[in-house]
Amino acid sequence: VAVIIGMAGNTRRIPQMENEERLTSLQNPRIKSVVRLRDRRDRDREGRFIIEGFREISRAVESKLNLEEIFVCPDFYLGSNEATLLEFAQSSLGTKVQTVSKDVFQKMSYRDRPDGLLATAPRPEWNLDRLSARIEKVKESHKTPLLIVAQSIEKPGNLGTLLRTADAAAIDGLLVVDRCTDLFNPNVVRASVGTLFTVPVAECSSDEAILWLRNHKVKMVATSPDAESDYCDMDLTVPLAIIMGSEQYGLDERWLSETDDQVSIPMAGSADSLNVAMATAVVLFESLRQRRTSTDE
């Protein structure tokens, strides 16, 4: 059987993939190993994590993340492009593909409505060296760096939404500092819709982040309900890092004392603040608006 399917802008005809061995035992050690990766302690101990979903795995594959294995259950497929994704992962990354039964896949899945694709991968070590190379390329192209710093974000959904927002704005880097939530938590991967693999990310401490931003001459602007400056009145066209704090406590005193400026987002209703991901998006897209206006002039 042949199907016409496309990926990354290419449409081609390839053979329908089949797998002779179908894992059906819920007690299989490989399956149990995958299930354990839902727990942060096991992810930390094994240095591995799971990626579930077609869009999430597609973005991981396109970013050339080193996937170990993709477990598939065609009974749950929602589209027609799964075969292309699997063929591409096998041919370009050497990823193993393993078919499993519905019961086995449901045991591995952490979603209410699985789509039949779940991968495992070694957890990458994303440090500031990764962003340094990115910033140098930005400067060489005569563009102005734009970054986000997320300090002690507690909720996986918020961190995932920050990643999705960062991807939408095509920012130059996201610094996850003093982490509370595991960047490779399955719910971060899910909430990011796989943009965890498209956004340049680095994990570090606050001290490391502040020193790195100073060395790269990036202005640090924090949002604060107590700030006197409206975010729309601030010049956000300079090399910029938008500094965001935890949902409950906001930025700590170290960051508030180190930032170059603080801005507020006016609240017209009874709430005194926005969700951290929403607040980031508001300031981030104001920066993009100012940059477009500056270029047009």
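Student: How many residues does helix 6 have, and what is its reach from the first C-alpha to the last?

Tutor: In this predicted model, helix 6 (residues 128-140; helices are DSSP runs of H or I with at least four residues, numbered from the N terminus) has 13 residues and reaches 18 Å, close to the 18 Å expected at 1.5 Å a residue, where the expected span is 1.5 Å times one less than the number of residues. Local features need pLDDT of at least 70 and side-chain atom pairs 80 or more, while totals for chains, interfaces and linings use all residues. Residues are numbered from 1 along each chain as its sequence is written, and side-chain values use heavy atoms, without hydrogens and water.

Student: Which residues of helix 6 are buried, and which are exposed on the other side?

Tutor: Buried means under 20% relative accessible area, exposed over 50%, and partly exposed in between, with a 1.4 Å probe and protein chains only. In helix 6 the buried residues are L128, L131, S132, I135 and V138. Seen down the helix axis, they fall within an arc of 125° (taken from the directions from the axis to the C-beta atoms), so they line one face of helix 6. On the other side, D129, K137 and E140 are exposed.

Student: How is a pair of aromatic rings described?

Tutor: The distance of the centres and the angle of the planes describe it. Rings of Phe, Tyr and Trp (its six-membered ring) pair if their centres lie within 6.5 Å, and planes under 30 degrees apart count as stacked, over 60 as edge-to-face and the rest as tilted. The whole structure holds four aromatic pairs. The ring centres of F76 and F105 are 5.8 Å apart with planes at 40°, so this pair is tilted.

Note on methods: Helix = DSSP H or I, 4+ residues; strand = E, 2+ residues; numbered from the N terminus.
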